[in-house]
Amino acid sequence: MALEQVLKPADYATEVHNDWCPGCGDFGILRTIQMALSEMRMEPHRVTIVSGIGCSAKTIHYVKTYGVHTLHGRALPYASGVKLANPDLKVICLSGDGDGLGIGGGHFVNAGRRNVDMLYIIHDNGVYGLTKGQASPTLKLGVQTKSLAHPNINDAVNPIWLALAAGATWVARGYSYDVKHLRDLIVDGVQHKGYAFLDVLQPCPAYNNLNTKEWYGGEDRKDERGRAMPRVYTLGDGGYDPVVHDSSEIGKKATQALEKALEWDDRIPMGVFYRNELVPTYEERIAQRVPTYRSAPPALQRIATEDGVPATDLSKLLGNLTIPPT
Amino acid sequence: MCVARRVGFSDPPAPCGPADSMTKASRTNDLSWMIGGPQGSGVDSSANVFARACAHAGLNVFGKREYYSNIMGEHSYFAMRAHRNVVRSHIDAVNVLATFEAETAFRHAREVTDDGAILYDPSLGKTRISDVPTLEKRLAADLKTYLISRGLGETLDDLLAACRQRGVTLVPIPYRALLEKIAEAFQVDQLSKIARMVNMLAVGGSFGVLGLDLGPMERALQDVFRAKANVVKMNAAGAKLAHELATSLAPDVGYRLERIPRSEPRLFLMGSQATALGKIYGGLRFQTYYPITPASDESEYLEMNEVLSLTGAAGPEAEDASFARDQVASILVVQTEDEIAAITMATGAALTGARAATCTSGPGFSLMMEGIGWASINEVPVVITLYQRAGPSTGMPTRHEQGDLRFALHAGHGDAPRILLASGDFEESIRDGFLAFNFADRYQMPVIHLVDKALANSYATVPVPDLSDLRVDRGAFANGGGPNAGPYRRFDLGNGPVSPRAILGQEGTIFWNTGDEHDEQGHITEDPVLRNLMMEKRFAKLDLAAREIPEDVKVRYFGPKDADAVVVSWGSTKGPLLDALDRLWAEGARLGYLHVRLINPFPVEPVARLLAKASTRVGVEMNFTAQLGGIVREQTGVEMTHSILKYNGRPMSSSELYDALGAVVRGTGPKRTVLTHGT
């Protein structure tokens, strides 16, 4: 499936005019998706990227693979339908934080239950950008970004916690301005066997004046030599091992991930929090019932001859419903 | 004159036999039978066995199931007709009522015709109306009034006495004593273990009353309890005891069933299975659903039969993947978290080229609106099977209505083309289940296939349909072009309204979808010129469908051509209408029946033509607002002169339709008749 000839990240770009605001974190995510596709030598037509609604959702129009820009909150079920009907395709699903955790929260939970083999990326900036800066489900309680009339009255949901509770088998966080690290996370998430959830922190220069590029980068806190002390740091550096090696480790690894995911403000961890490939994917569960599912998935079955005669043989089903002649 | 006398409902449905001049001979193989009981007590199985037994005896059957939104304890019943000729509906009258507990007798005894019979448990005779907490207050009060007016008390014995007074034969079946005999014969230690067998005792007893030997019932028991030989034996033995007893107690009830030779096989199935069969044959390979009554039955049937056979499949010698694709078929049924996921997941699957569908009822359909609009603007072939039930809101979840016609027609915001097909009977359900995919693919839009609770939960014998004329039409597909081909334009404006479709994963045809208005490649646009072109493209496909879909799919016309009076209807009212019309035609009435099957694009020309000479136009539908009547007027300018409507949640009976249509034909019917029968 991989390409012989390497496509450069730019080869995965379309000519569609990009209308994101200057400095938008979405640029970093777009770029890393293109870099990751190049890194994995993906044939563009084998990849389908599905998105919801919002600034993040426009990403698909800028990537030269199949792109399905869907409805607010519904990217996951569209993506699941694509993947389950043709598991040969590589499916990446994108949402904003309001898209994926607000209006689409029910699908977020149920995607974890299924463990369909795909990567789900949430562009997480704490605000609803396209509707001019309302608080999103990941904005912290009591903070007031610039277009809010009052401090945020709702507490924030923790996407890492929610993903773990829902059953996601690969849970990670990236930062849109740490492009190389994010590219590696995307590659890792695509290659993970099962449902991979990647929370990507990104500034919204238009509406989130608190969690800015400078804030994530720690420009407001300098060390003695005058260097910024970034808030984001990489998990692997401290010897953190997210992998569930056997099922007895599930509790320990999940607890470790939950604890790490509580860190915020001064130190914000990036990287893979949890990985468990012991859970069968939805596709594997189907194949246990229908052994030919992988070789003849719904999209690739023959349903008629070339002249349209239906290929399905109803005789057994009709036989079960038949009362014979007296 | 009706043979059955009018009985004392305060809102009187006058039960009436299936034919006016019933002679002794005509009561052979012309039966309306009913069994009822608490939900969860096995009534379904007993009705199934009764109907199958009749079918094995060569008879035609039609049965409808009524039940509450409840798991266990509330009353449910089957009304079953067994007939020498084709039957397509239920009637109000019951000739033989099989009961094994008090509630069914309380509820239905007054529906039994004077010349009919009631099987009952004599040990329950002292049960009072007030002892049955599940009787609605209105019904309990009505029963008391009925009994008091006859100088009777409030027990089951009193009600049965009233039945006997008007001629009904009472057949006491001492169920407990019979169960004890069975327990002894089969060495069952606890009677409770075989308590459910009372159902089959009631069926066996019914056949005793009706004079049909137990051979057909034994075959039916084998059908239903296939693998459980001992269960078959015990039930057969119990049925025999009840049969012998009933034969001796009621030797001369006028209703008889006799075996009829039949050289052709029959299908015996439920409506939800009929629709499923059509979809399977049409190539359904991906179905989503969220549990909802009465739609889930279809998805469960699909899931149970997920591995399919293909015609002409060769042996297993070749095992490579491409070979397997040609030899193997299966349906992936996904239970989703809600109906929003159901429509969107099915749409995602459809984008890969799989024939994909979802299946729901009103409340779930309400959640699908935005997804239907997305499929329409992106020209995705997805099928939505909509089992209508009584609304609005939760309404009456287990009861029938045809109330979603206008809703399905306009579902979603904005102007979004879709095709609407409405099936009237099992054969149409099979064919429309098949055709829905063809239309979806050919015109690249969502197809809503309207069926309903009455169809879904009816059982009937039907001739094995000849489907040999059906062909799969997948519409236009794009090929990848060559290296020199320009970029693929999924929504090409250059070559007519239908652009050849590519599927996800195909080489050389990368495209984009968006719920926004889009350009030819599928990218977002707000260009006013392009917007117009895309709107016009999408709607031109509907015009194309209107031109191409054959007339016999759009409408059916029954009865005398150029009749002065024509009935206009759609959906499952077809069965009771045809049964009522058979009687009216036999009496010489000149009445036509225009059955509309394609609702959108609306078959303007045939409907206008077939109504052109009718001075009396009678809209018949199961809703409050005469929805089809309104659409006919909107589309053709022709107004219904009369409406016969019903919205109490119970399907129309052919007997009440016969009465109402007869009044219209005689010129005594009001402009708006509301039918009220059913329990």
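**Stop 1: the contact between the chains**

Select the residues where chain A and chain B touch. Chain A gives 59 residues to this contact and chain B gives 75 residues. Keep in mind that the model is predicted.

Now colour the chain A side by element. Strand 2 (66–69), helix 2 (75–85) and helix 4 (105–114) of chain A each supply at least two residues. So do strand 11 (312–313), helix 10 (315–320) and strand 12 (322–323) of chain A. Which element gives the largest share of this side? Select helix 2 of chain A: the largest share, 8 residues, comes from there.

Next, colour the chain A side by residue class. You should find 32 nonpolar, 20 polar and 7 charged residues.

**Stop 2: strands that meet across the contact**

Select strand 11 of chain A and strand 9 (residues 307–310) of chain B. The two strands run antiparallel, and 2 bridges join them. Zoom in on Thr312(A). Which residue stands opposite Thr312(A)? Look for Leu310(B), in strand 9 of chain B.

**Stop 3: a sheet of 9 strands**

Move to the open sheet with mixed pairing. Trace its 9 strands in this order: 9(A)-10(A)-7(A)-8(A)-4(A)-3(A)-1(A)-2(A)-17(B). Chain B supplies strand 17 to this order.

Select the edges. One is strand 9 (232–234) of chain A, and the other is strand 17 (512–514) of chain B. Each edge strand pairs on one side only. Turn the view to follow the twist, which averages 20° from one strand to the next.

**Stop 4: inside the sheet, and a helix on it**

Select strand 7 (residues 170–175) and strand 10 (residues 268–275) of chain A. Do they run parallel or antiparallel? They run antiparallel, joined by 4 bridges. Show Ala172(A), and you will see Val272(A) of strand 10 standing opposite.

Now add helix 5 (residues 159–166) of chain A, which packs on the sheet. Helix 5 touches strand 4 (118–124), strand 7, strand 8 (195–201) and strand 10 of chain A. The direction of helix 5 makes about 165° with that of strand 7.

**Stop 5: the domains of chain B**

Hide chain A. Colour chain B by its domain assignment: domain 1 (28–249), domain 2 (269–463) and domain 3 (554–675).

Select domains 1 and 3 of chain B. Their C-alpha centres lie 35 Å apart. Where they touch, 9 residues of domain 1 are in contact with 10 residues of domain 3. Finish by colouring the domain 1 side by class: 3 nonpolar, 2 polar and 4 charged residues.

Key:
Residues numbered from 1 in each chain as written. Chains lettered and ligands numbered in written order. Predicted model: local features only at pLDDT ≥ 70, side-chain atom pairs only at ≥ 80, totals over all residues. Contact = placed C-beta atoms within 7 Å. Nonpolar A, V, L, I, M, F, W, Y, C, P; charged D, E, K, R; others polar. Pairing = 2+ DSSP bridges. Axes fitted to C-alpha atoms, helices over the stretch in contact; angles between N-to-C directions. Domains from an automatic or database assignment.
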